[in-house]
Amino acid sequence: MDKLTLSVIKADVGGWVGHSSSHPDILNLAKNCMDQAKSSGLIIDHCVLNCGDDLELIMTHKKGENNADIHGLAWDTFVSGTELAKKLKLYGAGQDILSDTFSGNVKGMGPGVAEMEFEERKSEPIIVFMADKTSPGAWNFATYKMFADPFNTAGLVIDPSMHDGFKFEVLDVIKQESIIFNIPEEIYDILVFIGARERYITRRVWRKSDNEIAAVASTQKLALIAGKYVGKDDPVLIVRAQSGFPAVGEILEGFSFPYLVAGWMRGSHQGPFMPVSFKDANPTRFDGPPRVIAAGFQICEGNFIGPRDMFDDPSFDFTRKTVGEVTDYMRRHGPFEPNRLPLKDMEYTTLPDVKKKLEGRFKKEK
Ligand code: F6R
Ligand code: MG
Ligand code: MG
C-alpha cells in the first residue's frame with residue numbers, strides 16, 4: 001500500500017482581538033481553500049482548526065514530506081488569509097508570512113511544519129497537539145514523559161511491543177545540527193540537552209524495534225528565521241497512538257502536570273502550559289497563559305474521522321486549577337525572573353537601548 005503523509009502546517013495570519021484568537025471568517029476562508037484542494041485531488045482530507053491566533057491546516061495526501069504542491073497550498077491559504085485579515089484590519093495581519101515569494105517549501109518562511117509519512121495501520125489513532133504563546137521546546141517535557149518515562153507510560157514496562165524503547169532525534173537550533181538518542185539507555189545524556197528547551201528541541205521519535213515513526217514536532221523558531229522578534233512560534237506536534245505506541249491516555253497524561261514553558265506575554269516570560277478544550281484556546285490573561293489543544297482522529301483510508309476535542313474532559317480540571325495558582329504565583333514576580341525569561345531568551349529586549357543611554361555611568365570595579 002502507498003504511504004500516507006500527514007502534514008500539519010500553521011501560521012498566525014492575524015489575530016482577533018489583539019493576539020488572543022482567530023476570526024471565524026479566516027477559518028471559513030481556509031476551509032474553502034482546503035475543500036477546493038480536496039475536490040481537485042491534491043489532498044485526501046483536511047481539518048482546519050485554530051489555537052489562539054494560529055491557523056492550523058491539518059492535511060492528508062500521498063505526496064510525501066516537503067512536497068512543493070502541498071506547501072504551496074498551505075502558503076496560498078495563508079496569503080489569502082492575510083489579505084482577508086488586512087481587509088478586516090485584524091491584528092498583526094500576515095504576522096508569520098515573512099516573505100513575498102514562495103520557493104517550494106514553507107520552512108524558513110514563517111509558518112510551522114510537522115509532517116510524517118507512514119503506512120496506515122488496521123486502525124490508526126493519532127493526536128495532533130497545537131499550542132499558542134510558546135515555542136517548540138514546549139514539547140520536550142511532554143514527549144519525554146510519553147516515550148521515556150515509565151511513571152507516565154505504563155506500556156514502556158508492561159507492553160512487550162514498546163519494551164525496547166524509542167529513539168529521539170534532538171535538534172540544536174543554534175548550530176543547526178541534530179543527534180539521535182537511544183531511550184532508555186541514554187536518558188541521562190538526553191536530559192542534559194532537552195532540559196535546555198530553548199536550544200535543544202526534540203523533533204522526531206521512532207519506535208526502536210522497527211523504526212516506525214511515532215511523533216514529529218515543528219521546530220521552526222521565528223526569531224532565528226527573521227533575526228528579530230516577529231511573534232511566538234506556537235508549535236504543533238503529531239503523535240501516533242495505541243498498538244505498540246503509547247495509549248491515547250498515556251499520551252495525554254504527558255500534559256497532566258502544567259510545567260513551565262517559555263512564551264506568554266511578549267514571548268518573554270515563563271508560564272504554566274495549560275491543556276484546554278478547543279473553545280478555551282483563547283489566551284487572554286497577560287496574553288496567556290500558554291495553551292495547548294489536542295485534536296484526536298481515527299484515520300480511515302486517509303480520511304479524518306474526527307476531530308475529537310481530547311482535553312475537553314473534567315479529568316484535566318485539576319491541572320487547569322493548578323495553572324490558575326501557578327499563574328498568580330508567577331505573575332507576582334512581575335519583571336523579575338523566573339516570570340520574565342533570562343535576558344538571552346527574551347524575544348523583546350530594550351537592553352541595548354537602555355545600556356546605550358546609561359553608557360559612561362557604569363564604573364569599573366577597582
Ligand atoms: C506573544 C504575543 C503577545 C504580544 C503582545 C504585544 O506571543 O503574541 O503577547 O507579544 O500582545 O504585541 P504587539 O507587540 O503586537 O503590540
Ligand atoms: Mg499574533
Ligand atoms: Mg499565536
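1. Is Asp-53 buried or exposed? In this predicted model, Asp-53 is buried, with a relative accessible area of 2%, and the residue deserves attention at the outset since Asp-53 coordinates both the magnesium ion (ligand 2) and the magnesium ion (ligand 3), which are 4.6 Å apart.

2. Turning to the magnesium ion (ligand 3), the protein donors are Asp-53, Asp-54, Asp-132 and Asp-234, each through an OD atom, at distances of 2.0 to 2.2 Å. Along the sequence these donor residues follow the spacing D-D-x77-D-x101-D. Asp-53 belongs to the loop between strand S2 (45-51) and strand S3 (54-61), while Asp-234 belongs to the loop between helix H6 (222-226) and strand S10 (236-240), so the pair ties together parts that are 181 residues apart in sequence. Asp-234 is buried, with a relative accessible area of 2%.

3. The magnesium ion (ligand 2) has a mixed set of donor atoms, namely OD of Asp-12, ND1 of His-19, OD of Asp-53 and OE1 of Gln-95, found at 2.0 to 2.7 Å. The spacing of these donor residues in sequence is D-x6-H-x33-D-x41-Q. Within this set, His-19 and Gln-95 link distant parts of the chain, 76 residues apart: His-19 sits in the loop between strand S1 (4-11) and helix H1 (24-39), and Gln-95 in the loop between helix H2 (68-87) and strand S4 (112-118). As for accessibility, His-19 is partly exposed, with a relative accessible area of 28%, whereas Gln-95, at 14%, counts as buried.

4. His-19 reappears in the surroundings of ligand 1, where eleven residues are found and where His-19, Tyr-91, Arg-266, Asp-287 and Tyr-348 come nearest. A side-chain N or O atom of His-19 is 3.1 Å from an oxygen atom of ligand 1, and a polar side-chain atom of Tyr-91 lies 2.9 Å from an oxygen atom of the ligand. With Arg-266 the contact involves the backbone, a polar atom of which is 2.9 Å from an oxygen atom of ligand 1. On its own ligand 1 has 410 Å² of accessible area, and the protein covers 79% of that area. The shell around ligand 1 is made up of five nonpolar, two polar and four charged residues.

5. A further point concerns strand S6 (residues 166-172), in which seven of seven residues are buried. In a regular strand the side chains alternate between the two faces of the sheet. In S6 both faces are covered, with Phe-166, Phe-168, Val-170 and Asp-172 buried on one side and Lys-167, Glu-169 and Leu-171 buried on the other, so that the charged residues Asp-172, Lys-167 and Glu-169 are among those covered.

6. What does S6 pair with, and in which sense? S6 pairs with strand S7 (residues 177-183) in the antiparallel sense over seven bridges, and Phe-168 stands opposite Phe-181 in S7. The two strands form a hairpin with four residues between them, and in the turn Gln-176 has a positive phi of about 55 degrees. S6 is also joined by seven bridges to strand S8 (residues 200-207), with S6 and S8 running antiparallel, and here Phe-166 stands opposite Arg-207 in S8.

Terms used. Residues numbered from 1 in each chain as written. Chains lettered and ligands numbered in written order. Predicted model: local features only at pLDDT ≥ 70, side-chain atom pairs only at ≥ 80, totals over all residues. Heavy atoms only, no water. Donors = N, O, S within 2.8 Å, 3.2 Å for Na, K, Ca; no water. Buried < 20%, exposed > 50% of the residue type's maximum accessible area, 1.4 Å probe, protein only. Near = heavy atom within 4 Å. Polar contact = N/O pair within 3.5 Å; in protein donor to acceptor, adjacent residues only side chain to side chain. Areas by Shrake-Rupley, 256 points an atom, 1.4 Å probe, with all protein chains shown as cover. Pairing = 2+ DSSP bridges.
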